[in-house]
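Subject: Structure for you, with notes

Hello,

Here is the structure I promised. My notes follow below it.

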Amino acid sequence: MNEAFVPPTAFIFKKITSIDVTDPARYQDDKTTTAVLQREIFEATPDDLQEMLKTTAHFRDLFRSKGNENLQHIVSELHKGAIPLIFGIPAAAYVKDHDRSKVEACVRLVRRPGAKKFSKFAPVIFPDGTEDMDKIFWVLHLALIAKAMLFRKTSIKFGENGKATKLKGAPPIGVLWGVTESMPGLLSLVAVLAVFFNTEDAEFSSDGKKLGINYQC
């Protein structure tokens, strides 16, 4: 899935588009974006559930509610330990209701010096914070967020031998899902999360409550 927030219209399956889910053309306009998202959901659904997907609202409601619960759980788990470790900023700064507008290290990651408005091309998604579209997303902390999200915080803790801490307990979702490579959707999600974690917004939703950031775009 390439979308963190799935609109109800993505569950209307009158006709499945021929545009492939990996085609950049999926983002050419809102109508096409929704159509390809419909195809993505339909193809990811087991064959024996596809008819129910097309004819009932139950699947849609269950998918959206459980999907949001899972997303909030992921955000909460990252907040608890991985994010302070990744950005090298004290954990106190990432307490849910902490005012990060007063934490200079966080501000530098999401706002350029002197800028009055937030830009979706925030410094945190560029090497050294310098906007260069040829190097967008070329930053280690995005990879570390993805790794922590899929394989837990211990996966980004390294010993003197350079190896990550050995996993304990139940297998993380990256193991359960057999994740061996990343897709554009994962990269876009961790980039959005990197911005969110360093803003004043306390809850991850499609529209930031405090700054009005559209996290869905």
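How many residues does helix 3 have, and how far does it reach from its first C-alpha to its last? Helix 3 runs over residues 58-87, which is 30 residues, and its end-to-end C-alpha reach is 40 Å. At 1.5 Å a residue, 44 Å would be expected, and the actual span is close to that. Keep in mind that this is a predicted model.

**Helix 3**

Helix 3 is not straight. It has a kink of about 60°, centred on H79. Right after helix 3 comes G88, with a positive phi near 65°.

Which residues of helix 3 are buried? They are F59, L71, I74, V75, L78, H79, G81, A82, I83, P84, I86 and F87. These buried residues pack against four helices: helix 2 (50-55), helix 4 (104-110), helix 5 (140-151) and helix 7 (184-197).

**H79**

This residue deserves its own look. H79 sits in helix 3, and the kink is centred on it. Is H79 buried or exposed? Its relative accessibility is 14%, so H79 counts as buried; the cut-off for buried is under 20%. Leaving aside residues up to four places away in sequence, H79 touches P84, Y94, F196 and F197. Of these, F196 and F197 are among the buried residues of helix 7.

**Helix 7**

Helix 7 has 14 residues. From first C-alpha to last it reaches 20 Å, close to the 20 Å expected at 1.5 Å a residue. Its buried residues are G185, L186, V190, A191, L193, A194, V195, F196 and F197. They pack against helix 3, helix 4 and helix 5. Two of these pairings are described next.

**Helix 3 with helix 7**

How do the axes of helix 3 and helix 7 cross? They come within 11 Å and cross at roughly 80°. An angle from 65 to 115 degrees counts as roughly perpendicular, so helix 3 is roughly perpendicular to helix 7. On the helix 3 side, the contact uses V75, L78, H79, I83 and F87. On the helix 7 side, it uses L193, A194, F196 and F197. The contact residues divide into 8 nonpolar, 1 polar and no charged.

**Helix 5 with helix 7**

The axes of helix 5 and helix 7 come within 9 Å and cross at roughly 105°. That makes this pair roughly perpendicular too. Helix 5 brings L142, I145, A146, M149 and L150 to the contact. Helix 7 brings L186, L187, L189, V190, A191, L193 and A194. What is the make-up of this contact? Its residues divide into 12 nonpolar, no polar and no charged.

L193 and A194 of helix 7 appear in the contact with helix 3 and in the contact with helix 5.

**Backbone points to check**

Two residues in the loop between helix 4 and helix 5 have a positive phi without being glycine. D128 lies in that loop, with phi near 60°. D128 is exposed, at a relative accessible area of 81%. F137 lies in the loop between helix 4 and helix 5 as well. Its phi is about 75°. F137 is partly exposed, with a relative accessible area of 28%.

Best wishes

Terms used. Residues numbered from 1 in each chain as written. Predicted model: local features only at pLDDT ≥ 70, side-chain atom pairs only at ≥ 80, totals over all residues. Heavy atoms only, no water. Expected span 1.5 Å × (residues − 1). Bend = angle between axes of the 7 residues up to and from the residue. Buried < 20%, exposed > 50% of the residue type's maximum accessible area, 1.4 Å probe, protein only. Contact = heavy atoms within 4.5 Å. Axes fitted to C-alpha atoms, helices over the stretch in contact; angles between N-to-C directions. Parallel < 35°, antiparallel > 145°, perpendicular 65-115°, else oblique. Nonpolar A, V, L, I, M, F, W, Y, C, P; charged D, E, K, R; others polar.
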